[in-house]
Amino acid sequence: MGKPKFKPQFAATKKRINLTDGRITKKDRIVKKKKDDKPKIIEVPQYSSALFFKYNTQLGPPFHIILDTNFINFSIKNKLDVCTSMKDCLFGKCIPYITDCVLGELEKLGSKFRLALKIVKDPRFQRLPCMHAGTYADDCIVQRVTQHKCYIVATCDKDLKRRIRKIPGVPIMYINKHRYAIERMPDAPTL
């Protein structure tokens, strides 16, 4: 007995049923034509006039930085002074801002975080009053940054970072290798 003389075909095209085949009904035989090519009107959210391409022109010395609760806690764990480390990262004057929600979260955490609360009450930190109900700081920070694009957000929270990345022109400061780093800043040095 000999070997079969066929080879398997690779990447062979599938057979198609012809439109004139009897198995196809009349309504399926009609080839649908495209509608008139009218221009579609697409609603695009209007961005701030301070954004030049994707860079925010409102950012500049002195830098206004909104601090999150976990950023303060991680700064203490890594033994970093907030104001001097910010100056080292941005090479300019920095004004740290604390919202009432962040202060409320630190007070709720109790005596374990009293050092963070003491650092926040330093006169170098500016207070931003909140006019909304509740003390959830992430929503407050996102709302404030959406309204005013002049802030840099300092956080180590992954969920908050993900929410802020969706807002164009807002840089994020975080802690990397026992020092502050910044992401999405036009003239930021790369590590």
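Rings of Phe, Tyr and Trp (its six-membered ring) are taken as paired if their centres lie within 6.5 Å. By this rule, the count comes to 2 aromatic pairs in the structure, which is a predicted model.

One pair is formed by phenylalanine 71 and tyrosine 180, with ring centres 4.8 Å apart. The planes of phenylalanine 71 and tyrosine 180 stand at 45°, so the arrangement is tilted. This pair links distant parts of the chain, since phenylalanine 71 belongs to helix α2 (residues 69-77) and tyrosine 180 to strand β8 (residues 180-183), 109 residues apart. Phenylalanine 71 has a relative accessibility of 0% and therefore counts as buried. Tyrosine 180, at 4% relative accessibility, also counts as buried.

Tyrosine 97 and tyrosine 151 form an aromatic pair as well, with a centre-to-centre distance of 5.7 Å. The angle between the planes of tyrosine 97 and tyrosine 151 is 80°, and the pair is edge-to-face. Tyrosine 97 is located in strand β4 (residues 94-99) and tyrosine 151 in strand β6 (residues 151-154), so the contact ties together parts that are 54 residues apart in sequence. With a relative accessibility of 12%, tyrosine 97 counts as buried. Tyrosine 151 is likewise buried, its relative accessible area being 9%.

An interaction between a charge and a ring was also identified. The charged end of lysine 77 sits over the ring of phenylalanine 74, at 5.4 Å from the ring centre.

Technical notes
Residues are numbered from 1 along each chain as its sequence is written. This is a predicted model: local features need pLDDT of at least 70, side-chain atom pairs count only at pLDDT 80 or more; totals for chains, interfaces and linings use all residues. Side-chain values use heavy atoms; hydrogens and water are left out. Rings of Phe, Tyr and Trp (its six-membered ring) pair if their centres lie within 6.5 Å; planes under 30 degrees apart count as stacked, over 60 as edge-to-face and the rest as tilted. Helices (H or I, at least four residues) and strands (E, at least two) are DSSP runs, numbered from the N terminus. Buried means under 20% relative accessible area, exposed over 50%, partly exposed in between (1.4 Å probe, protein chains only). A charge sits over a ring if NZ of Lys or CZ of Arg is within 6 Å of the ring centre and within 35 degrees of the ring normal.
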